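The following questions and answers concern a predicted model. Each answer closes on the value or name requested.

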Amino acid sequence: MILRRAPVYFKLFCRYSFDICKLKFFGQSKSPSVFVHLTRKDMGHEGRWLFLLLYFLTYGGEKAVLVRNILSFPNYYRLGKYGRLIFKLKHLSFLNQLPPPDPNAVLVSDLDLPDSEKKKWRRFILVDYDISKTRKDIEGESYVVLNPRMHPLSYIYNTADKIALLRESPRTLRLFFSGNTDKKTYSGNPLTDKFNILPRYQIIQILKTLPKNSKVLIESEGQRTPFDKWLSALSGCAFFLCPPASHMPWSHNSVEAMAVGAIPFINYPEWFNP
């Protein structure tokens, strides 16, 4: 098994060496305005939530620092294949330890602080990982829910200008679906049960029983569109079917559909505001 995966580990180690060298020679941000201190080892389904959080914190050109020891290969590996995409972000740098409070900077952390410590920063933002909370659970509390985002690779392969152009694409399909439909993974979980919604596998099986229609396309696992062509393909449909994901009700493709002007069909409206 180890010998069979040796080329994969070798490629990963080469990527690690390149990223660490780039970090060393291009230096750290001189005056970051955001410090991100996350203690959780698992950064969300192959690191995608870490990438998405940092992508949007730096999207407008703000300089951010991730306080995390990523210099060792094991820690680099634990970032996950999507988490390691953070090395492609232009305005992000790294520190091993959180510096003293900066009254001109924002601290984003998953560790709560006493009010006296929070006041030493320009602003303190606490990250809560509990995705099972509903609006009723947080009613009256000062919460800002991080809205669903596209898949990390959709941001890597596409610019904002390209996405805007795709919204003008001709719609040749009426209804489109493409995604993983593995029975074991997509047959439901405690979250889909809590929200009382039909899981993805069951939805697709029902759809496959309908009469054939040239304006409806359901891609199987072996036919899935590659990520570098994904948004272009998605922009060619009027409606996109967005059944629940494997670990939570909503899926990245609901946001990707809206990004290119397609209308998503969803069964989890509670996860969008508005």
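**Aromatic contacts and strand order**

Q: Over the face of which residue does Arg149 lie?
A: The distance of Arg149 from the ring centre is 4.0 Å in this predicted model. The ring belongs to a member of an aromatic cluster that also includes Phe51 and Tyr155. The residue beneath Arg149 is Phe56.

Q: Which residues form one aromatic cluster with Phe56?
A: The structure holds 14 aromatic pairs. One of them joins Tyr55 and Tyr59, and both of these residues belong to the cluster of Phe56. The partners of Phe56 in this cluster are Phe51, Tyr55, Tyr59 and Tyr155.

Q: How is the aromatic pair of Tyr55 and Tyr59 classed?
A: A pair of aromatic rings is described by the distance of the centres and the angle of the planes. For Tyr55 and Tyr59, the centres are 5.7 Å apart and the planes make an angle of 45°. Planes under 30 degrees apart would count as stacked and those over 60 as edge-to-face. The pair is therefore tilted.

Q: Is Tyr59 buried or exposed?
A: Its pair partner Tyr55 has 15% relative accessibility and counts as buried. Tyr59 has 51% relative accessibility, and the cut-off for exposed is over 50%. Tyr59 therefore counts as exposed.

Q: Where on H9 do the buried residues Trp230, Leu231 and Leu234 lie?
A: Helix H9 spans residues 227–234, and Trp230, Leu231 and Leu234 are buried there. They cover an arc of only 80° around the axis, so their place is on the same side of H9.

Q: Which strands are included in what covers the buried residues of H9?
A: The cover includes the helices H5 (152–157), H6 (160–166) and H10 (252–259). It also includes two stretches of strand, at 173–178 and 237–241. These strands are E6 and E8.

Q: Which residue in E8 is the bridge partner of Leu173?
A: E6 and E8 run parallel and are joined by 3 bridges. E8 is mostly covered, with 5 of its 5 residues buried. Within E8, the bridge partner of Leu173 is Cys237.

Q: What is the handedness of the β-α-β unit made by E8, H10 and E9?
A: E8 and E9 (residues 263–265) run parallel, with 3 bridges between them. One bridge pairs Leu241 with Phe265 in E9. Together with H10, these strands make a unit that is right-handed.

Q: How far apart in space are Lys194 and Pro249, C-alpha to C-alpha?
A: Lys194 is placed in helix H7 (residues 190–194) and, at 45% relative accessibility, counts as partly exposed. In sequence, Lys194 and Pro249 are 55 residues apart. In space, their C-alpha to C-alpha distance is 9.7 Å.

How values were computed. Residues are numbered from 1 along each chain as its sequence is written. This is a predicted model: local features need pLDDT of at least 70, side-chain atom pairs count only at pLDDT 80 or more; totals for chains, interfaces and linings use all residues. Side-chain values use heavy atoms; hydrogens and water are left out. Buried means under 20% relative accessible area, exposed over 50%, partly exposed in between (1.4 Å probe, protein chains only). Helices (H or I, at least four residues) and strands (E, at least two) are DSSP runs, numbered from the N terminus. The arc is that of the directions from the helix axis to the C-beta atoms. Contact means heavy atoms within 4.5 Å. Rings of Phe, Tyr and Trp (its six-membered ring) pair if their centres lie within 6.5 Å; planes under 30 degrees apart count as stacked, over 60 as edge-to-face and the rest as tilted. A charge sits over a ring if NZ of Lys or CZ of Arg is within 6 Å of the ring centre and within 35 degrees of the ring normal. Two strands pair if DSSP finds at least two bridges between them. A crossover is right-handed if, with the strands pointing away from the viewer, the path from the first strand over the helix to the second runs clockwise.
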